[in-house]
Amino acid sequence: MMGTEVEFGEKVKQVREERGMTQQTLAEKLYVTRQAVSRWECGARHPDLLTAKKIARILDVTLDELLSGEELRENIEKEPVLAKPVENIVQTAMYAVAAMIYLLLCLFSVYGLLGPREGIAGTPAGGITLVTIASDLVRIAYFIAAMKGLILSVRNKLTAAATGIIMCVPYVFVAISFLASFAEMQIKSNGYIGIVGWFTGFALPFCFAACILLFFRQRKQRILFGLVEGICVITIVYLVYGYMQRFTRFTDLGFVVTTVHMAGKIGMAALLGYQAYVWNRKMKAGYKRDRGYRIFTASPCGKTGDGS
């Protein structure tokens with residue numbers, strides 16, 4: 001911290017003593033140990049944002065009075081993106097549904113590899129090629145990502161950084177699937193992919209993944225929010241369009257598998273859009289708080305050095 005700024009721990013100690021409250025009393029109200037309060041006050045550790053809000057409520061001060069702008073942003077980044085109980089329940093349910101869908105698809109792929117080929121002819125699991133192997137790996141990756149999201153969501157520890165990694169997985173593996181299709185064409189010499197195909201099937205998914213990852217990890221520039229929301233809309237429209245194009249060509253089994261698969265993907269895209277919206281709103285609040293704090297503490301007159 002700089003100049004006249006007072007760090008969180010020092011401020012907590014100062015206000016606590018003004019209220020005539022001991023560390024033990026504060027600890028009991030927070031359901032933590034006295035040692036935890038002591039570590040916060042000496043700056044060795046920092047509580048998460050939810051705990052900081054409880055401390056502010058117990059000490060009868062605002063959170064802004066306890067946290068500087070930088071500390072507020074750091075706490076926001078450690079807090080789950082969807083921290084409210086109802087939001088977290090919905091998020092957990094969507095990750096659970098996605099994990100179940102991809103587990104079923106993985107089991108279907110295993111059956112396709114081990115079971116009778118006549119029974120699965122014409123379905124996504126029929127025939128062993130580079131494309132089907134890549135598809136199976138994609139389903140496994142999707143399942144792992146959904147399970148990771150589910151576990152962190154259940155524990156209420158799904159931070160922005162973890163959200164970005166989980167949500168960029170589908171787009172990375174779309175690009176990997178494209179490479180598998182290209183390799184299959186080269187081996188069999190039965191196809192050609194032009195520049196447009198390379199852009200839409202390989203470059204664009206990687207760009208989407210990079211935008212999502214950067215959006216949830218960046219600290220100072222929030223220009224990617226519109227891009228991430230656009231990615232969600234494009235993804236949903238593309239999935240619905242592709243589904244409608246193939247609607248009349250499904251076998252009975254193919255219809256069930258594809259419908260469930262598309263529902264899972266659309267649900268995850270919608271969840272990404274909402275996560276991005278909440279995260280952007282939280283960080284904007286943190287940046288406004290930080291900017292106001294720095295302007296206020298920059299000089300005795302409340303003006304910055306550049307006259308702003």
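Guide: Let's start with a term we need right away: "buried" means under 20% relative accessible area, "exposed" means over 50%, and "partly exposed" is in between (1.4 Å probe, protein chains only). The model is predicted, so local features need a pLDDT of at least 70 and side-chain atom pairs count only at pLDDT 80 or more, while totals for chains, interfaces and linings use all residues. Residues are numbered from 1 along each chain as its sequence is written, and side-chain values use heavy atoms, with hydrogens and water left out.

Visitor: Is Cys-232 buried or exposed?
Guide: Go by its relative accessible area, which is 5% for Cys-232. The cut-off for the inside is under 20%, so Cys-232 is buried.

Visitor: And Cys-42, is that one buried or exposed?
Guide: Here the relative accessible area is 58%. That passes the mark of over 50%, so Cys-42 is exposed.

Visitor: How many disulfides does the structure hold?
Guide: A disulfide is a pair of cysteine sulfur atoms within 2.5 Å. Going by that cut-off, the number of disulfides in the structure is 0.

Visitor: How many helices are there in the protein?
Guide: Helices (H or I, at least four residues) and strands (E, at least two) are DSSP runs, numbered from the N terminus. Read from that end, the elements go α-α-α-α-α-α-α-α-α-α-α-α. There are 0 strands, and the number of helices is 12.

Visitor: How far apart are the end C-alpha atoms of helix 11?
Guide: We can work out what to expect: the span is 1.5 Å times one less than the number of residues. Helix 11 covers residues 225–246, which is 22 residues, so it should span 32 Å. The model agrees, as the distance between the end C-alpha atoms is 32 Å.

Visitor: Which residues of helix 11 are buried?
Guide: An α-helix has 3.6 residues a turn, so residues three or four places apart point the same way. The buried residues of helix 11 are Val-228, Ile-231, Cys-232, Thr-235, Leu-239, Gly-242 and Tyr-243.

Visitor: What arc do they cover around the axis?
Guide: The arc is taken from the directions that run from the helix axis to the C-beta atoms. Val-228, Ile-231 and Cys-232 are among the buried residues. The buried residues sit on the same side of helix 11, because their arc is only 110 degrees.

Visitor: Which residues are exposed on the other side of helix 11?
Guide: Flip the helix around in the viewer and look opposite the buried face. On that other side of helix 11, the exposed residues are Gly-226, Val-233, Val-237, Tyr-241 and Met-244.

Visitor: Which residue forms a salt bridge with Arg-16?
Guide: A salt bridge is a side-chain nitrogen of Lys or Arg within 4 Å of a carboxyl oxygen of Asp or Glu. The structure holds 2 of them. In the one with Arg-16, the closest N and O atoms are 2.6 Å apart, and the partner is Glu-41.

Visitor: How many residues apart in sequence are the parts that this pair ties together?
Guide: Both Arg-16 and Glu-41 are buried. Arg-16 lies in helix 1 (residues 8–18) and Glu-41 in helix 3 (residues 34–42), so the pair ties together parts whose separation in sequence is 25 residues.

Visitor: Which side chain meets Glu-18 in a salt bridge?
Guide: Glu-18 is exposed, at 54% relative accessible area. Its partner counts as partly exposed, at 40%. The N to O distance is 4.0 Å, and the partner is Arg-19.

Visitor: What is the area of the nonpolar surface patch made by Met-100, Leu-103, Leu-104 and Leu-107?
Guide: Patches are made of residues with over 30% relative accessible area and no salt bridge; like charges are joined within 9 Å, nonpolar side chains (Val, Leu, Ile, Met, Phe, Trp, Tyr) within 5 Å. Areas come from the Shrake-Rupley method with a 1.4 Å probe, and for residues only the protein chains shown count as cover. One member, Leu-104, is in helix 7 (residues 85–114) and is exposed at 52%. The patch has an area of about 400 Å².

Visitor: What is the phi of Asp-60?
Guide: Asp-60 is in the loop between helix 4 (49–59) and helix 5 (63–66), and it is exposed at 63%. Asp-60 is not a glycine, yet its phi is positive, at about 60 degrees.
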